[in-house]
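Subject: Structure handover

Hello,

Here is the structure I promised to pass on. Please open it and keep it beside you while you read my notes.

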Amino acid sequence: MKNRITAALLAILLGGLGIHKFYLDKSGTGILYILFCWTGIPSIIGLVEGIFYLTQSDEEFRVQQGLSSVVNTSGTFGGSSVSAADELRKYKDLYDEGIITREEFEKKKRELL
């Protein structure tokens, strides 16, 4: 599971070396960053990417990076943090009450786990 905040900090602090790209399993791009680090261009791009990662939601980050799951960071900067277990319980209650179908419950379960 990749953490959006970790990726952002790596991009801002070590973006010139492409460390955030290696963290996000994009080794080819990471190698390009290393090859061109002497120009300073990867540092600028890394800074912009880091800021962009910080402005995205966890879901947007997951979709953009093509990740199957991402660590929930909504509580990191003062937002309300709800654990996957709490979310799953909420959907289980909805399923038990007949508000959602089994398929909807299973879909949400797969997304959360």
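What percentage of the 113 residues of the protein chain count as buried? The figure is 29%. Keep in mind that this is a predicted model.

**The overall layout**

The protein chain has 7 helices and 2 strands. Follow the sequence and the pattern reads β-α-α-α-α-α-β-α-α. Take the contacts between residues at least 6 apart in sequence: 45% of them join residues at least 24 apart.

**Two packed helices**

Go next to helix α6, residues 84-96, and helix α7, residues 102-112. Two packed helices are described by the angle between their axes and the distance between the axes. For α6 and α7 the angle is about 175 degrees, and the axes are 10 Å apart. An angle over 145 degrees counts as roughly antiparallel. So α6 and α7 are roughly antiparallel to each other.

Which residues make the contact? From α6 come Ala 84, Glu 87, Leu 88, Tyr 91, Lys 92 and Tyr 95. From α7 come Arg 102, Phe 105, Lys 108, Lys 109 and Leu 112. Sorted by class, the contact has 6 nonpolar residues and 5 charged ones, with no polar residues.

Just before α6 sits Ser 83, in the loop between β2 (70-71) and α6. Ser 83 has a relative accessible area of 34%, so it is partly exposed. Ser 83 and Leu 112 are 29 residues apart along the chain. Their C-alpha atoms are separated by 9.3 Å.

**Aromatic rings**

How many aromatic pairs does the structure hold? There are 2. A pair of aromatic rings is described by the distance of the centres and the angle of the planes.

One pair is Tyr 53 with Phe 61. Their centres are 5.4 Å apart, with 75 degrees between the planes. That pair is edge-to-face. Tyr 53 and Phe 61 are both buried.

Tyr 95 and Phe 105 also pair up. Their ring centres are 5.6 Å apart and their planes meet at 15 degrees, so this pair is stacked. Tyr 95 belongs to helix α6 and Phe 105 to helix α7, 10 residues apart, and the pair links distant parts of the chain. Both residues also belong to the helix contact described above. Are they buried or exposed? Tyr 95 is partly exposed, because its relative accessible area is 25%. Phe 105 has a relative accessible area of 7%, so it is buried. The cut-off for buried is under 20%.

Look at Tyr 23 as well. The charged end of Lys 2 sits over its ring, 5.0 Å from the centre.

**Two single residues**

His 20 is in helix α2, residues 19-23. Its relative accessible area is 0%, so His 20 is buried. Which residues does His 20 touch, leaving aside those up to four places away in sequence? They are Ala 7, Leu 10, Ala 11, Gly 15, Tyr 33, Gly 46, Glu 49 and Tyr 53. Tyr 53 also belongs to the edge-to-face pair.

Asp 25 lies in the loop between α2 and α3 (27-35). Asp 25 has a positive phi of about 60 degrees, although it is not a glycine. With a relative accessible area of 57%, Asp 25 is exposed.

Best wishes

Definitions and conventions: Residues numbered from 1 in each chain as written. Predicted model: local features only at pLDDT ≥ 70, side-chain atom pairs only at ≥ 80, totals over all residues. Heavy atoms only, no water. Axes fitted to C-alpha atoms, helices over the stretch in contact; angles between N-to-C directions. Helix = DSSP H or I, 4+ residues; strand = E, 2+ residues; numbered from the N terminus. Parallel < 35°, antiparallel > 145°, perpendicular 65-115°, else oblique. Contact = heavy atoms within 4.5 Å. Nonpolar A, V, L, I, M, F, W, Y, C, P; charged D, E, K, R; others polar. Phe/Tyr/Trp six-rings, centres within 6.5 Å; stacked < 30°, edge-to-face > 60°. Buried < 20%, exposed > 50% of the residue type's maximum accessible area, 1.4 Å probe, protein only. Lys NZ or Arg CZ within 6 Å of the ring centre and 35° of its normal.
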